[in-house]
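Colleague: I would like a close look at the nonpolar interior of this protein, set against the rest of the chain. Please take it step by step and keep to what the coordinates support.

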Amino acid sequence: MIKNYLKIAFRNLWKNRSYAFINIFGLSIAFGCAILLFLTAHFEFTFDDFQAGKDRIFKVYFKINHPEKVEYRANLHTPLTPALKSEYDAEIRYATRLMGGGTQVVKGEKIINQDLEYVDKDYLKMFSFKMIEGDADKALDGVNNVVLNQETAEKIFGEAEAMGQTISLNFGGKIENYVVTGIMEKAPLNSTIDNNMLLRFEKNPEYQNTKDQWDSDYHDIYVQLADHVKQDVFEKRLRTFTAKYYKESIQQLKKDGAQPDEAGEVKSLRFLPLPEVHFNKNVGGGGAIDAAYPYILLIISGLVILIACINFINLSIARSLSRAREVGMRKALGALKSQILGQFWGEAFIICLMAFALGTLIATSLMPAYNGLFKSHLSFGSLLDPVVIGLLVLGFLLITFIAGGYPAMSVTKFNTVEVLKGKVKISARSGGIRSSLIIAQFSIAILLMTCTMIIWKQINYLQNMPLGFDKEHVVSIPVGVGVPGEKILDFMRNELANDSRILDISGADINIGRGKDGSGYKSVFGFEMGGKSYKTNGLNIDYDYTKTLGLKIIAGRDFSRQFAGDKDRSIVINETMAKQLGFKDPIGRNIPLGDSLGKNIVGVVKDYHFESLKAKIEPMTYFLQSDFGIAYIFVKVAPESPAETMKVLERAFKQIAPKAEFMPSFLDENTNNQYKKEERMSQIVMSAAILTILLSCLGLFAITIMIISQRTKEIGIRKVLGASIPNLVGLLSKDFLSMVLIAIVIASPVAWYLMNKWLQDYEYKTQLSWWVFAVIGVVTLIIAFCTVSFQSVKAALMNPVKSLKSE
């Protein structure tokens, strides 16, 4: 019997090839899209899942209740980790400080730029990076030991043995030797923690100056609690620790008007579980994402599948009339309801199975292009994960049950006598369901199209808003780690002094935006003055920085070579910093920074956006201190012949730093790079919007064919009675266009609410203009009208004699 059912099912599919093609095509595209989005969400959800102790590992951070806002600070102080381990040895099983850095590996004539991590000995015991060679308990015992991951080892040594070998590392011209004491597996792509090259934390360049300082914060801390310790209980125990080591800071916060939180604290040490770090933008750092992002991907994938299923259901219901006599005959011959249900559901299952297989093939084929476009890390191996396979199969069965089950059940309800008399017709209830499903389809499509347009509008606003500096003509160049930045800056300044294409050159220790080296960080510090505490960003710059970037001095003067004291005793501040200090005239005021003599304010710079437009302009203090170092060269170039100018810069750079990588970028590129996540989301939503509107129109087209075929005689009679072609087209299109109008009314306020909420994350944002909703509505109506009118015009032009000759 099953064989007979299959034979009949394939025969019906072949007989109705166009119907089968529309369903299989729509479902396969939807399945392919949904699989890619699901795998992306699964990748994000499984961040750090490989860590065996993930439920006991925490990132340490401070929650600080300032009078004006709550701050979450994950950059912590060097002596904090030893103090925690000393006072809570029984509760804290492992603890490690973690700080990223870079170096150059010197191997004969070969120079290799290499990222590294400064860590404590407990790092290898805490994190589950499998040791290929070496002992995790002893590999970092010596301060001159180095542990490499397998990829780094192969990059340095090739096929040769790496264990026990000595490598030379170049830190700004200073060569140090290290012994390889361990080789470990490379961290997976969905790991919060990197493991390129591990050096002891004591070897980082800031350590000696900060090892006893409780006010210098520049690194992360991770701890693993003992099995018997509960996070919330331990955080309460840390109150005495915080009160002991941060007594002055807490007192100053209270003086400034800070209010205690619900736990009665103005400054508290908190622990964030490792699985949550990737989804916490306040504490997780630059790699963290919005916790809603993977859920949005799942929702979009679900909406795409829903639209394809609606097409399937609508077409199945519309087609049921043409198979009514078949159902009636089967019932008359004694077929049970369950047998008819099984027959029709079996046909649906075959269509869904074919579509799912084709969709999987589409997803696999498009995976490389998808990874490149959306900066994802999917692979064919992702599909072989048992959890992924299980969830996909479960989803497939659920979709098949819903999409195939309802039409099959509606067919079994046909009255046998009425069907055999030829009087059967689609019930009003079925017609209402069909209309509701079409409205749902277009509501989803309009919602996604509107969201896409508003996201694009916001990105365009961010990229084109005046930032207060010259971003089109200034090039930033990372200096790397081989040659000191000051040396490179002085050489390029002298070498290019007479080149008319080079207008100005300067340098700083922090870039603007995110350059080609991928670095993005800032320096923040605080000080107390007059019984109040102040907080400011810090930037070490060289002469001509404001001139090179086109910044404006609105009070006092810029740093000048004519004033020898500028290097040690002078600072320049921005407008926001001047407002924070509250001085009517800040020029000449002394600020307690550095040593006991402090520093004098010599100038005020007009505010400009040195960070992403997601945040307000913060206080900034500029220093002219060589011991802070120069990490980026800034060059203002003439607008003519940028390609030739770039070659000139590269030649000069390579003369002084031949082994360093030349990675120039204009500042407008750097600032645009800050919004890559928004662009990625916009591309995903836009792709989904295009797909949903295409699938909706495909379903609408097929439904139009079905409905018009059922109204052929009506059209013929109307035409004989004098109806014009425009009247007939309007009649046939009216019902469908009214559904689209209803969809616009439903989707527009939902889109407004969602986008208004999304824009709250931005300090500077575009307006939710009415014309966006109007344009999307009009475009959708036009697309729907074109889809319906094609078949409507064709039906209206048909010779009425042909449609009425059987009467």
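Modeller: What follows starts with the nonpolar core and then turns to the surface, the sheet and the charged pairs. Please keep in mind that this is a predicted model.

As background, the protein chain has 807 residues, of which 51% count as buried, and its secondary structure comprises 27 helices and 23 strands. Among contacts between residues at least 6 apart in sequence, 79% join residues at least 24 apart.

The largest nonpolar core holds 84 residues, and within that set Leu27, Phe31, Leu39, Ile300, Val304, Phe442 and Phe736 touch the most other members. Two or more residues come from each of the helices α2 (17-45), α10 (293-320), α12 (337-374), α14 (386-412), α16 (428-464), α23 (676-710), α25 (725-759) and α26 (770-796). The greatest contribution is that of α2, which supplies 14 residues. If one follows Leu39 and sets aside its neighbours within four places in sequence, the residues in contact with Leu39 are Met367, Leu378, Ser382, Leu383 and Val388. Apart from this core there is another, of 30 residues, which includes Val602, Phe610, Ile617 and Leu667. As a general matter, nonpolar side chains in soluble globular proteins tend to be buried together.

Nonpolar side chains also appear on the outside of the model, where Trp345, Leu398, Phe401 and Ile402 make a surface patch of about 410 Å². Helix α14 gives the most to this patch, with three residues, and Leu398 is found in that helix; α14 is also among the elements that give two or more residues to the largest core. For the protein chain as a whole, the accessible surface comes to about 37,600 Å², and 58% of that area belongs to carbon and sulfur atoms.

Turning to the strands, four of them form an open antiparallel sheet in the order β14-β22-β13-β23. Because β14 (502-508) and β23 (665-666) stand at the edges and each has a single partner strand, one side of each is left without a neighbour in the sheet. The antiparallel pairing of β14 with β22 (residues 632-637) runs over six bridges, and one of the bridge partnerships joins Asp504 to Lys636 in β22.

As for charged side chains, a search of the whole structure finds 28 salt bridges. In one of them Lys125 is paired with Asp122, with the closest N and O atoms 3.9 Å apart; Lys125 counts as partly exposed at 29% relative accessibility, whereas Asp122, at 8%, counts as buried. Another salt bridge brings together Lys203 and Glu176 at 3.8 Å, N to O. Since Lys203 lies in the loop between β10 (197-200) and α6 (207-210) and Glu176 in strand β9 (residues 174-184), this pair ties together parts that are 27 residues apart in sequence. Here again the partners fall into separate classes, for Lys203 is partly exposed with a relative accessible area of 25%, while Glu176 is buried with 16%. A further salt bridge, between Arg561 and Asp544, has an N to O distance of 3.4 Å, and it links loops 17 residues apart, namely the one between β17 (553-556) and α19 (566-569) for Arg561 and the one between β16 (532-540) and α18 (545-549) for Asp544. Arg561 is partly exposed, with a relative accessible area of 49%, and Asp544 is also partly exposed, at 24%. Finally, salt bridges that share partners join Lys63, Asp261, Glu262 and Arg270 into one network.

Conventions
Residues numbered from 1 in each chain as written. Predicted model: local features only at pLDDT ≥ 70, side-chain atom pairs only at ≥ 80, totals over all residues. Heavy atoms only, no water. Core = buried A, V, L, I, M, F, W, Y, C linked by side-chain atoms within 4.5 Å. Buried < 20%, exposed > 50% of the residue type's maximum accessible area, 1.4 Å probe, protein only. Helix = DSSP H or I, 4+ residues; strand = E, 2+ residues; numbered from the N terminus. Contact = heavy atoms within 4.5 Å. Patch = residues over 30% accessible without salt bridge, like charges linked within 9 Å, V, L, I, M, F, W, Y side chains within 5 Å. Areas by Shrake-Rupley, 256 points an atom, 1.4 Å probe, with all protein chains shown as cover. Salt bridge = Lys/Arg side-chain N within 4 Å of Asp/Glu carboxyl O. Pairing = 2+ DSSP bridges.
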